[in-house]
Amino acid sequence: MADELVVKKESWIESTRQYLTDIRGEMKRVTWPSRQKVESTTVVVLVSVFAFALYFRIIDKIIDRTVVAGYNYLAK
């Protein structure tokens, strides 16, 4: 009865080997996208980043000019 409660502790080498075996098994089950799909989504991401950068640049200029104009108006 007491033997049932004893848990055998794996060595770090055995646990590392098991971990790497599990990773290898999981990586075999992964569905990898095609090169064309990766390229197309990369283009979408790059275009989106530049579009948002341009949008925020325009908004920043508008806010900057508004704040400077308001400051100059109040400073008179």
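**Notebook: a predicted three-helix model**

**Confidence.** I started with pLDDT: the protein averages 91, and 89% of its residues reach 70 or more. I noted straight away that this is a predicted model. Next I asked which element has the lowest mean pLDDT and which the highest. Helix α1 (residues 2–5) comes out lowest, with a mean of 60, while α3 is highest at 97. A reminder to myself: where pLDDT is low, the predicted coordinates should not be read in detail.

**Layout.** I looked up the secondary structure and found three helices and zero strands. Going along the sequence, I wrote the pattern down as α-α-α. Helix α3 covers residues 35–75, and much of what follows concerns it.

**Surface.** How many of the residues count as buried? I got 0% of the 76 residues of the protein. The accessible surface is about 7900 Å². Carbon and sulfur atoms account for 65% of that surface.

**Aromatic rings.** I counted two aromatic pairs in the structure. In one of them, Phe 52 and Phe 56 are stacked, with 6.4 Å from centre to centre and 25° between the planes. Both of these Phe residues sit in helix α3, four residues apart, which is about one turn of the helix. I checked their accessibility too: Phe 52 and Phe 56 are both exposed.

Then I turned to Tyr 55 and Phe 56. Why is this pair edge-to-face? The ring centres are 5.3 Å apart and the planes stand at 65°, and the cut-off for edge-to-face is over 60 degrees. So the angle settles the label for Tyr 55 and Phe 56. Is Tyr 55 buried, partly exposed or exposed? Its relative accessibility is 47%, so I put Tyr 55 down as partly exposed; the exposed class needs over 50%. Taken together, Phe 52, Tyr 55 and Phe 56 make one aromatic cluster.

**Nonpolar patch.** The three aromatic residues turned up again when I looked for patches. Phe 52, Tyr 55 and Phe 56 are among the members of a nonpolar patch on the surface. The other names I wrote down for the patch are Leu 54, Ile 58, Ile 59, Ile 62, Ile 63 and Val 67. Together the members have about 910 Å² of accessible area. I picked out Ile 58 for a further check. Ile 58 is in helix α3, and at 44% relative accessibility it counts as partly exposed.

**Salt bridges.** Side chains of opposite charge can pair when their charged atoms come close, so I went looking for such pairs and found two salt bridges.

- Glu 26 and Arg 29 meet through their side chains, at 3.2 Å from N to O. Glu 26 is partly exposed, with a relative accessible area of 45%. Arg 29, at 61%, counts as exposed.
- Arg 35 bridges to Glu 39, and the closest N and O atoms are 3.1 Å apart. Where do Glu 39 and Arg 35 lie? Both are in helix α3, four residues apart, or about one turn of the helix. Arg 35 is exposed, with a relative accessible area of 66%, whereas Glu 39 is partly exposed at 42%.

**Where I left off.** My page on helix α3 now holds the stacked pair of Phe 52 and Phe 56, the Glu 39 and Arg 35 bridge, and Ile 58.

How values were computed
Residues numbered from 1 in each chain as written. Predicted model: local features only at pLDDT ≥ 70, side-chain atom pairs only at ≥ 80, totals over all residues. Heavy atoms only, no water. Phe/Tyr/Trp six-rings, centres within 6.5 Å; stacked < 30°, edge-to-face > 60°. Helix = DSSP H or I, 4+ residues; strand = E, 2+ residues; numbered from the N terminus. Buried < 20%, exposed > 50% of the residue type's maximum accessible area, 1.4 Å probe, protein only. Areas by Shrake-Rupley, 256 points an atom, 1.4 Å probe, with all protein chains shown as cover. Salt bridge = Lys/Arg side-chain N within 4 Å of Asp/Glu carboxyl O. Patch = residues over 30% accessible without salt bridge, like charges linked within 9 Å, V, L, I, M, F, W, Y side chains within 5 Å. pLDDT = per-residue confidence, 0-100.
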